[in-house]
Structure formats: C-alpha cells, structure tokens
Amino acid sequence: MELLRPSSLDELAAVEPGRGAFLAGGTELVPLLRDGLVETETLVDVAGLVPAGIEGTRIGAGATLAAVEADARVPDALREACRLAASPQLRAMGSIGGNLLQATRCWYWRLGYRQCRLHGGDRCLAADGEHREHAVVANDFCASAHPSDVAAALVALGATVCTTRRDLPVRDLYRLPTEEDRRTTTLEPGELLLVLDVPPADASVYLKAMDRKRWSFPLVGVAAVRRGDETTVALAGVAPVPWLDDGSLDAATPLPGTAYKLELARVLVERALAKLG
Amino acid sequence: MARLIRSEKEVEGRVEEVWLVVDEDALDQWPAGPRTVVGRPTARQDAYARARGEARFTADLHFPGMLHAAVLRSPFARARVVRLDLAPALAAPGVRAAVGPGEAPGLSRECEHQGAAVAAVCADTFQQARAALARVEVTWEELEPLLDPDEAVARGSLLEEPRRRERGSLERGLAEADVVVEATYRTQTVLHNALETHQTICRVEGDVLEVYTSTQYVWGVRARVASALGLPPDKVRVVCEYMGGGFGAKNGPDDATFVAAVLARRTGRPVRCMLTRREEMVAAGNRNATIQRLVAGARSDGTLTALGGEYVNAVGASGWNAMIEGPMLMLYECPNVRTTTYGAKLNLPPARAFRAPGFVEGTFGLECLLDELAARLELDPLELRRRNHADREPGGGKPYSSKELAECYRRAEPHWARRDEVRARSTATVKRGVGLASQVWFGGGGPPSYAWIRVGSDARATVVTAMQDVGTGTKTTMAMVAAEELGIPVEHVTVAVGDSLRGPYATLSAGSSTTSSIAPAVRAAAADAKRQILDMARDRYGEDVAELDLAELLSLLGDAQILGTGSRGPNPAGMTVLTFGVQVAEVAVDVETGEVTVERIAAIHDVGRVINPLGASSQVEGGIVQGIGHTLSEERLVDPRLGQVLTTTLDAYRMPTIADVPEIVTELVDAPDPQLGNLGAKGIGEPPIIPVAAAIANAIRDATGADVRSLPITREEMLRALAEARERTRGAAAAV
C-alpha cells in the first residue's frame, strides 16, 4: 500500500481525483480498510493539510472531537454531541470532518452483504431482517441509520462547510441514496472538507439515547437550536442521513423493530425544546 | 499415605463417580477469621508484571521460524463443501502448508453452523495466510438452516432426550396453591469476549509436541491433544503461564489448537493459530438463548406448593444442554417440582460453558417469578424467600456441608431497608426501586489435584502445580495458603503454574473450583514440608522444635531443599457442597426513554472461608459487571433468515463500559465450611453473576410496575413493558 503525503493543497490538487482515500484520524478509515469495505492501494494523508484550529465561528475540519468538545466558544449542542460520541481515545484521534463522512453502522453494510443497496445490490436486508438500530423515516429504499451525533448538531446549527471546491450547508453534504445513485454524500471524487462555519446560537442542546452509558452510536440523537424565537431540530440515528425535523417525523414509517425509536425521538425532542428555554 | 477412593466428582452440575488417588487429609482447619496471611486483603503477586506488560501471554511468545495459521470457516449456517481445492492457496506467497477436512480434528466438510472450520493454511505472516485463504477454491452447497428453538423442539431436533426431573406431583402442588403465577421468560445469546482470544502455538521439540495455549485446563488439553494425534500423553507438553480470561469458553482444546498442532507437525516449524475478534464473536462459543415457561403455586402464607418449568436451551449445532432447571430444583424447599429441559439443536454456533452456565439463565426466570408471586401474595420478597428456605437438599435429600443463606438474608436487611428512601428519590420521569434475588451454585471442588512445595534454607518457598491462573489471581491465593502454613511472609512464596512438564496434575478452572480444589493440596504440601523440617530439626534441637522459629530451623539445611507434596482430600461423604448468596439491586428507570441505570448492587455471598478478601471482591465486581452487560446491553444478533452473526465487533456487541458500573458493595459471610477439607473454602468465580439479572429486573418492577421478562432489557423492551403496565393499570381502573 502506498501513502501519499502532499505538503500543500496545490500538491493535493495534482493527485488524480479519486485516487486513494483521504486519511486523517483513521478511526473510521482503518477499520473499513481492514474489513475490505474500502478497497484502495493508496492513502492520502491530509492531516497536515486540513486546518485543525478553532477561530471564532470557524472550526477546522481537521480539529479532533476532543478539541471541539473542550472549546467553550463552540455552541453547546456541538460540544455535547462530541462529548457523547465514541470514547475518549477515539475522540482524541478522530477529526470532525471525518466524523461527518463516516459510513452507517448497518451490520448488513458493515459485513459486506452484496445484496445491500448501499453496496449496489437490489434489496435492503435490514428491512425484513434484524433492524433495531435502523431508520424510522426516509427508509423505504435503504433502512440504514446515520450514526453521526456531530452531523445532527451541525445541521441543527445551520453550519456550512467549505471544501476544496465550494461552500455548502452541512445539510447539503448529504443525500438519500436512490436506485440510480447509492451514495449518501454529495462530495465529488477528490473533494476534501476544509473548514466548518458554525454560526452562534442563543441556546442549543444535544440529547442522545444509546444502549449503554458511553461509547455507543445513537439509537436516537436530538440536536435543538434556538435563535430568537426560531428553533431548529435535527436528529441522528433516524434516517440514512442526518435528519432535519420539519414535522416529517409525523409521517415516519418505522419498521416493526424501530417503532420504539419514534417514541424516543418524540420524548427527546420535547425535552430538548424545553431545555432551550 | 496415598490411597484409592471412590468419590463423586461434580463440574457445573455434571456429576460422575470416579476412583481417585488421594492422601489422607488429616490437617485441622484453621479457626475462622483472618489469620496472619489468609483472610487479609492481598494484592496480586503478578499485578505489576501484568500492568507493565512483562507478563507473557500466548500472544507475546515468538519462536524462531514461527508460522501463522488462518482458518477457513463456513460463512453459512448450514452448508456442505462439495469441492475444495487447496492448491491455489498452497501456491500463494509465503504459504508453507495447508490442511483440509479430515486432516485435523475439527475440520469438516459438513458445516452445521456459521464459523465451522473447514480448512487452514499457514504462512510466514498472518497476512499471507489470510490472503491465501481467499484463494482456496470452495464450492458450497447451501442448505436450509434450522434457527428457531421452539420449531426445533417441535421437530424433534434435540441434542439429547428431553431431561425430566420431578419430585412430588406438580398437579397436586398447584391444586393445593392459593395463588398460582405463570410467566414466560426469555434470555438472549451472549458472548464470552475474553480480552484474549482463543489461541495456541504448537512446536515440535524432539519427540515432544509443545502446546502453548490460552486454556482453563492444562491437563485437559494435554489429554485430548495426545489422544486426537495418537501421541503418548507425556509427549505432549502444555504451557499456559498467563491467561487473559476464558469464562468457560476455554475449558478444552478447540479447532485452533488442533490446526496449530497438525500444521506444526507437518511443517516441523512452530505454528501460531490465533482467532481474530471477529472469529471469536462467531466461532468461540456463547451462552445460549433460552425460553422458560414457568409456573409457581403458593399458599397465602407464602409457602411454595408447586414449581414447574418447561425449558428450551437454544444450544446450537452442538454443545451442552446446561442445567437451566438447577435453581428451580435446588433453591427452595418445595415438595412438588417438575422440570423438562429441551436442548434444541440448531444451525447456530455451539454454546459453551459460560460463567455459571444454565444457572444465570434459570435464576433470572425463577427469581423474577418469585417476585411476581410475592406481588400477588402481597408479601415482602425477602420474607417469601425466607419462608421457603431449604434446610437440607429440597425434597428430603442430603444435608448441606454448610449453608449460610439465612445469614446472607440477615446481612441483606440493611440494603433491603433502603428501598423506601430509594423510591422516595423518584421524580416525575425517573422512577427508582429496589429488587433482590438469591443464588445457589456449586463451587465445592473436589479431588484430584496435587501440589508440590520446595523450601530452602533461605526460608523462601516455591509452590509448583500445573494449574492455570485464568486471570482471577488464584496464584496469589495459593501463595497465601502456603505462607500461612509455613509461617513465612507471602512475598517469600513464589507460585509456578501452567506447565504440564513441570508440575503435578491440577483440575480445570471451571465451576468455581480452582481454589476449593487446589488450595487444600497446596496447604497439604506446605504442611508436609513443615513436618519434614521439624523432623530433621529434632535431630539437632530435641523435642521442643515446634517452639522455634522456622527460619532458624531452615538455616540448618544449607544447600539442601525440602520437597513437600500434597493432594486434595475427598469431599465429605453423603453431603451436598454448595455456595449461596443474595444480591440487592437499586435502579433508576426513565419511564419516558426506557433508560435503565443500575445505581447500586449489594452482593452478599457465602463461599465458605475467604482466603483473599481483595481477590474475592474483585471476582464479585467482575461478575456483577458481566451480569449487567447480560441484563441490559449485550446480545449476539443473527440474521433470522440466514443464521449469520451480525454483531461481530465490539462496537456492535455492547459490553458494559466503566460508566455503566454502579456502586458495588461486597459482603462475604466468611464462615469456613467445617466439612470441606483442610480449608473450608469454596469458589467465588461464578456465584456473583448468577442473581444479577433477576435482582435488576425485580428492581425495575419495584420502580415502575413493569414486568420485564426478556433479556436484554433494551430501550425497546423497557418501553414495551412500561406500555404494557400502563395498559394493565388502565384496564384495572376501567374494571373498577
């Protein structure tokens, strides 16, 4: 395996788009490589290229979750989403940019079942299989649940992300997979996340239900943000992508084994809104 | 003086009668209570070695020229290998040898579960071996798997004839009852997940096959490897110096052991076969799921008149139909009991013993049922248990060698009395409650086990016994017993274990029997050495030697060393040796989110004499933490159509983290069993995990009124039970 270490973004731009996989903290990529879910002969080390500092509302995509969690200037919902994610060891390694791009924990996908639609197959094995951790909304094509606490917080905060090619709302980083296009992000080959811009809020919270007290992906995570009289809510663990709650949960289509998630989501949303004051 | 006796030998409920060589056990027990060394909290002798990474586990061993094996396993729950070609794998870079079905024990074409071993290759590196596996050409014939335990019972797919146990008449007992409760309980499949995965290195030295392995039974591996390979047992040397946990999954050799052995003999080079975590999650054993359809009847004063159980053990493709009915048969004085246990044979990975196999599952059902009965009777759950205390084996059986369960109940009172205060700390959304559950288990150990001790003029001793310390700290226990007998500091005793070439036979570390089986042999060996020293000293000092300091007497030895030998004496005839206990759990339940938090567990256990209170309390803590995982978060999930395991990593299979661990209060009765050998000590490895699930479930019921009858108590199970309880309350209100 080959490791490229471009010393500048210009050098990176010279690397053929889509050649190799970007490596930052490695907490997601290394297990995926080991399980054969990412197949590449080339790793591109971007740890030295992606900004990692936190300045005002701008958070380098290379900042570790541990650094974001510890910075008092960062809105509470995002700090709390970091604190409740993974373990201290993983948060010390994993970058916030990498966290946004992590793949689903759906076991059928993680175990490489070729029939899985996210692997290009023609069915969702979870829908009529084992699916207690899966989606309750937008789950008809693929029932996977998006695992990122941080993404839900950033979507609720209305954050934008600056990549090597464009600026876009974090929300638009994600797309629901379709028959024609199975991807869950809108990133183009070779496009790299650089900086997040997280506008301040009057109040924000993140609440999370998980299977144990720490080191679990969310069964349901709820981020709520208030600016003046306006509140925004986004959820993790309920759809194949981070989910902005614009009343769509009322039209949810839970699977037999995920109905409890809807109950959890309703309670956590209610509690989160109450906490916003 | 050695003699041959006929004795009952019991391991985890399996009893056999055997002839055994034992010495007279003429030593009087020490008086109860802490002694100079025994009974005082003592840190592990190898704690620093473990913490510093100096302890050599099997994975730390590297031999020149060592090869690495990888095992081809069935991806299917049920399949037959129609065609297999190892040639492409043999041609792959670094590959030195390969074995296929029939060439090593455990390798087969007929795969009755996912993870069944088919073939193996060894190469210069593990990566090469893995890469070569992908090149093995296999044609599978996939077959329809049988996955549902009730369906297996209905179709007669059983490991053995249904096991029936009966005393009195269940029907009569139910007819005599004022109150009858019936309920169905379910427990899930959980995985051992010892920190150290199953692994073995084999190498051939001259005509001896050396087996370095992570095992709970050095001598069992020696016997079975020798027999499988047709070697005389003394040509197999088994070494297990340090071990990173087993919990019952390492009671004997398995496919990795045999693969390493066969490939080492074939290549003439050392071969390591180490399971990955993902293999461990599939192919290394589990605590099987159960279905328990139970009934209990009692008079209005709480006297049990009837207990009945139809149990289904979802054992898997092979394994052992564990004694899930044990608690129902053994815990209470009830004249009418009938149990039937089915061992369902399924196309799922085989169950293996797992810390109190059967009793963990059976106690969950029985002790929850008892609390449901107590609620119907409007009787205090602790009082209900007291009223049905068995003073001897239920049904007029044998007397107990000792039983301090009543004392456990007495000591539980202050913890039980906290429930008003605990409940009072409930809020609108977080309800608190307290629950308890009792426990019965084996743990008396038995012969045979042997120990040697070597004492020199420096007044330092080495205990030699080819037992294994599976990570419990039992080496330190042995050192304490020897130090106490010899009257020397425990730091002056070294314990050498884990080498079948260099020590005498010692039993397997299972059934909470290591301390109770081996420590008496160590004491006997120390006493034998002391006797020899005193005899010699009499030649020099006359008859008053017993008054003199041992160090002074030993100085006579010069370069000579005294060798003492000892064996485990027989168990008391005509008596039943058991351990008992009770745990009191405090929980908080968020009734809107279904989040369960265990806030405190008080564990009160009777295991006879406690040799090392520090080691014992860490066993209690470990058992409770593992029990909390079993109760709340752990579950091996399989695809219901394919029978393939879905939870193959430690993020998907959820063991408790330190944040899930409550305050744990340990109290040990510490009353030596007067009938049990020269120490009166029983084992504590398994008892602490047994009552955890029921105590927590009963606390949840106390807090919320919800009946949780299915493990694990996840958010969905808790929310379901809460909704059911609300429905019931509404129904009751409507009826009024």
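Helix 9 of chain A and helix 19 of chain B are roughly perpendicular to each other, because angles of 65 to 115 degrees count as such, those under 35 as roughly parallel, those over 145 as roughly antiparallel and the rest as oblique. The two helices pack at an angle of about 80°, with their axes 9 Å apart. Axes are lines fitted to C-alpha atoms, for helices over the stretch in contact, and angles run from 0 to 180 degrees between N-to-C directions. Helices (H or I, at least four residues) and strands (E, at least two) are DSSP runs, numbered from the N terminus.

The model is predicted: local features need pLDDT of at least 70, side-chain atom pairs count only at pLDDT 80 or more, and totals for chains, interfaces and linings use all residues. Residues are numbered from 1 along each chain as its sequence is written, while chains are lettered from A and ligands numbered from 1 in the order in which they are written.

In the contact between the two helices, Tyr260(A), Glu263(A) and Leu264(A) of helix 9 of chain A meet Arg715(B), Glu716(B) and Leu719(B) of helix 19 of chain B. By class, these residues are 3 nonpolar, no polar and 3 charged. Two residues are in contact if their C-beta atoms, placed from the backbone, lie within 7 Å. Ala, Val, Leu, Ile, Met, Phe, Trp, Tyr, Cys and Pro count as nonpolar, Asp, Glu, Lys and Arg as charged, and the others, Gly among them, as polar.

Between the chains, 17 residues of chain A are in contact with 21 residues of chain B. Helix 9 of chain A supplies the largest share of the chain A side, 4 residues. That side of chain A has 8 nonpolar, 2 polar and 7 charged residues.

Helix 19 of chain B covers residues 715–735. Its 21 residues should span 30 Å, because the expected span is 1.5 Å times one less than the number of residues; the end C-alpha atoms are 30 Å apart, which agrees. The buried residues of this helix (20 or more other C-beta atoms within 10 Å of their own; exposed means 12 or fewer, partly exposed in between; C-beta atoms placed from the backbone) are Arg715(B), Glu717(B), Met718(B), Leu719(B), Ala721(B) and Leu722(B). What covers them includes strand 9 (203–209) and helix 9 (259–276) of chain A, together with strand 23 (579–590), strand 24 (596–606) and helix 18 (692–704) of chain B.
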